[in-house]
Amino acid sequence: MSLEQSHVVDAIGTARSDDSIVLNIVDSWNWENEGLHLAALQRKLNAYFEFVESKQILESCPEAKGRRLCINIISRFPTPEAGLNLLAAAAILAAELDIEIKHQVDSRSN
C-alpha cells in the first residue's frame, strides 16, 4: 500500500512492547513535490482517523476494543520541516481521539 491508496489501511498489528494496536502508514514517496506529498499524507491520516472514529477498526480488528491505538508512519525518505509540522498538527488531533502518532524513517531501501 502507499499514499496513492488514501482510503486503505496499509497494515494493522499489535505492538510487542505494550500490546497497543498499531496502524501503519507506508510512505515510500520522495519529497520532490512537497505540496503533493503533504496533501496525500494528510488524506491518508484523515482516512485513518475516520477508520477509528467510525468504529470500522473494530470490524477489521475486534481485539482493538479497549486498547491503546497508535498510527505509525514509516517513511522511506527523511521528512522535511513542512512534513514534520503536518505530523505535529496530526498528533494534536489524534490525541483528541486517544491515538498516538509515531514516525520513523526506514531508508534501508534507498
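In this predicted model, helix α1 buries His37, Leu38, Ala40, Leu41, Lys44, Leu45, Ala47, Tyr48, Phe49, Phe51 and Val52. Many of these positions recur at short intervals along the helix, and a general property of helices bears on such a pattern. An α-helix has 3.6 residues a turn, so residues three or four places apart point the same way. The partners of the buried residues of α1 include both strands and helices: β1 (11–14), β2 (21–27), α2 (56–60), β3 (69–75), α3 and β4 (99–105).

The helix itself comprises 20 residues, running from 34 to 53. From its first C-alpha to its last, α1 reaches 28 Å, close to the 28 Å expected at 1.5 Å a residue.

Among the partners of α1, helix α3 deserves a closer description. Two packed helices are described by the angle between their axes and the distance between the axes. For α1 and α3, the latter formed by residues 81–96, the angle is about 15 degrees and the axes lie 10 Å apart. Because angles under 35 degrees count as roughly parallel, α1 is roughly parallel to α3. The crossing of α1 past α3 is right-handed.

Which residues of α1 and α3 meet? From α1 come Glu34, Leu38, Leu41, Gln42, Leu45 and Phe49, and from α3 come Ala82, Gly83, Leu86, Leu87, Ala90, Leu93 and Ala94. Sorted by class, the contact of α1 with α3 consists of 10 nonpolar, two polar and one charged residues. Leu38, Leu41, Leu45 and Phe49, which belong to the α1 side of this contact, are also among the buried residues of α1.

Ala82 illustrates the contact from the side of α3, the helix in which it is found. Not counting residues up to four places away in sequence, Ala82 touches Glu34 and Leu38. Ala82 and Leu38 are separated by 44 residues in sequence, yet their C-alpha atoms are 7.9 Å apart in space. Is Ala82 buried, partly exposed or exposed? Its relative accessible area is 25%, so Ala82 is partly exposed, since buried means under 20% and exposed over 50%.

The backbone also merits attention in two loops. Just after α1, Lys55 takes a positive phi of about 70 degrees; this residue is placed in the loop between α1 and α2. Asp19, in the loop between β1 and β2, likewise has a positive phi, of about 65 degrees, although it is not a glycine. Asp19 is partly exposed, with a relative accessible area of 42%.

Key: Residues are numbered from 1 along each chain as its sequence is written. This is a predicted model: local features need pLDDT of at least 70, side-chain atom pairs count only at pLDDT 80 or more; totals for chains, interfaces and linings use all residues. Side-chain values use heavy atoms; hydrogens and water are left out. Axes are lines fitted to C-alpha atoms, for helices over the stretch in contact, and angles run from 0 to 180 degrees between N-to-C directions. Helices (H or I, at least four residues) and strands (E, at least two) are DSSP runs, numbered from the N terminus. Angles under 35 degrees count as roughly parallel, over 145 as roughly antiparallel, 65 to 115 as roughly perpendicular and the rest as oblique. A crossing is left-handed if the near helix is turned anticlockwise from the far one by less than a right angle, and right-handed if clockwise. Contact means heavy atoms within 4.5 Å. Ala, Val, Leu, Ile, Met, Phe, Trp, Tyr, Cys and Pro count as nonpolar, Asp, Glu, Lys and Arg as charged, and the others, Gly among them, as polar. The expected span of a helix is 1.5 Å times one less than its number of residues. Buried means under 20% relative accessible area, exposed over 50%, partly exposed in between (1.4 Å probe, protein chains only).
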